[in-house]
Amino acid sequence: MADSTLRKYIWLINTILDAGKITFREISEKWDNSSLNYKGTELSKRTFHNHRQAILTELGVDIQCTSMRENSQYFIANKDEIEANEVINWLKDSIATESLLLDNKSIADKIVLEPVPGGRDWLPIISQALKENRRIIFRYTSFHSSKTNDKDRELEPLCLKMFKRRWYVLGQSMNDRKRLIFALDRITDLSLSDDTFEYPSDFSAKEFFANFYGICSDGYSMPTRVVIKCFREFPKYLRSLPFHHSQEELEVTEDYSVFEFFLSPAYDFVQELMSHGDDIEVLAPIWLRNILTEKSNALAALYRI
């Protein structure tokens, strides 16, 4: 469950965003009826302004007022930045889901969620390592090996990333400074090292993954222009939930639509394309089309009578 104070911050942000502009009295009335206010506490102006300051400092959300009068209205001054902030949007979605479950315990058997793999227990330790630039020591069992690895690894963590309900940590190795990624659900015996490291000033997690789909980079598929043709209803799904931030729609017809991307078409992207069967045809690059052809032929061979 999310920290109760953080949940209040997100509730306040959502309340103001939904209203556009809203007075303190209206905010207070909404708080009186909120499921978060299970103790029935009153929202004082002092608490409200403390929340405003904390929200600006910790989350970067700027809540301003139209004037200093009694009926002044509050609004989000940097709304565009908030809409583009992946962390805040993820928090909003997570807390909205949590509120849904807490408010509807009587119909819990009618709400079906996807199971999440293990690894969440390591999030606090890795978060602390990221805050303090501390190395982490752990053991790791890869899906590529049937043997449990009992050798300690040491890593300088750079960021956390979630992909398809799994958490991953990206870091750099001690010896060759090579950047490696590990799934948290395959980590065992994780601990903080006493040693600190100098976090690279030129590293940006968002920029590092900008050309990825997922978490895999196979080293040879450099960022390139990818063009796919989508059939039947699939273009509608792709418009509502794009594969990648570079996605552009080049052509729309009654029978198909053509989309363009600029990314590294590594393993995760190939698997995503394969998962949609004949709803997608790769047009370019040719080498990626050939990979899909080979995989499709191999799949057909498995079911050939």
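**Close-up 1. Serine 296 and its helix.** Serine 296 counts as partly exposed, since its relative accessibility is 36%. Keep in mind that this is a predicted model. You'll find serine 296 in helix α10, which covers residues 286-302. Look for methionine 274 too: 22 residues separate it from serine 296 in sequence, while their C-alpha atoms are 7.9 Å apart in space.

**Close-up 2. A nonpolar patch on the surface.** Here Leu299, Leu302 and Tyr303 come together as a nonpolar patch on the surface. Taken together, the three offer about 390 Å² of accessible area. Tyrosine 303 sits in the segment after α10. Its relative accessible area is 66%, so tyrosine 303 is exposed, the cut-off for that being over 50%.

**Close-up 3. Inside the largest nonpolar core.** The largest nonpolar core is made of 41 residues. Ile228, Phe243 and Leu273 are the ones with the most contacts inside it. Zoom in on leucine 273 and, leaving aside residues up to four places away in sequence, you'll see it touching Ile228, Phe243, Ile280, Val282, Leu288 and Leu292. Another core lies apart from this one, with 24 residues that include Trp31, Ile76, Ile82 and Ile88. As a rule, nonpolar side chains in soluble globular proteins tend to be buried together.

**Close-up 4. A salt bridge between strands β4 and β8.** Aspartate 195 pairs with arginine 135 in a salt bridge, with 3.9 Å between the closest N and O atoms. Because aspartate 195 is in strand β8 (residues 187-196) and arginine 135 in strand β4 (residues 134-140), this pair ties together parts that are 60 residues apart in sequence. The two ends are covered differently: aspartate 195 is partly exposed at a relative accessible area of 39%, whereas arginine 135, at 17% relative accessibility, counts as buried.

**Close-up 5. Arginine 139 meets aspartate 152.** These two side chains form a salt bridge at 3.0 Å, N to O. Arginine 139 belongs to strand β4 and aspartate 152 to the loop between β4 and β5 (153-163), so the bridge links parts 13 residues apart in sequence. Arginine 139 is partly exposed, with 28% relative accessibility, and aspartate 152 is also partly exposed, with a relative accessible area of 47%.

**Close-up 6. Glutamate 281, arginine 289 and a wider network.** The side chains of glutamate 281 and arginine 289 come together in a salt bridge of 2.9 Å, N to O. Glutamate 281 is partly exposed at 26% relative accessibility, and arginine 289 is partly exposed too, at a relative accessible area of 31%. Elsewhere, salt bridges with shared partners connect Arg135, Glu156, Arg177 and Asp195 in one network. The whole structure has twelve salt bridges.

**Close-up 7. Aromatic rings.** The count of aromatic pairs comes to 19. In one of them, phenylalanine 208 and phenylalanine 212 have ring centres 5.5 Å apart and planes at 45°, so this pair is tilted. Phenylalanine 208 is partly exposed, with a relative accessible area of 26%, while phenylalanine 212 counts as buried at 13% relative accessibility. There's also an aromatic cluster to look for, formed by Phe163, Tyr213, Phe234, Phe243, Phe261 and Phe269. Phe243 may ring a bell: it is among the residues with the most contacts inside the largest nonpolar core.

Notes:
Residues are numbered from 1 along each chain as its sequence is written. This is a predicted model: local features need pLDDT of at least 70, side-chain atom pairs count only at pLDDT 80 or more; totals for chains, interfaces and linings use all residues. Side-chain values use heavy atoms; hydrogens and water are left out. A nonpolar core is a set of buried Ala, Val, Leu, Ile, Met, Phe, Trp, Tyr and Cys residues joined through side-chain atoms within 4.5 Å. Buried means under 20% relative accessible area, exposed over 50%, partly exposed in between (1.4 Å probe, protein chains only). Contact means heavy atoms within 4.5 Å. Helices (H or I, at least four residues) and strands (E, at least two) are DSSP runs, numbered from the N terminus. Patches are made of residues with over 30% relative accessible area and no salt bridge: like charges are joined within 9 Å, nonpolar side chains (Val, Leu, Ile, Met, Phe, Trp, Tyr) within 5 Å. Accessible areas come from the Shrake-Rupley method with a 1.4 Å probe; for residues, only the protein chains shown count as cover. A salt bridge is a side-chain nitrogen of Lys or Arg within 4 Å of a carboxyl oxygen of Asp or Glu. Rings of Phe, Tyr and Trp (its six-membered ring) pair if their centres lie within 6.5 Å; planes under 30 degrees apart count as stacked, over 60 as edge-to-face and the rest as tilted.
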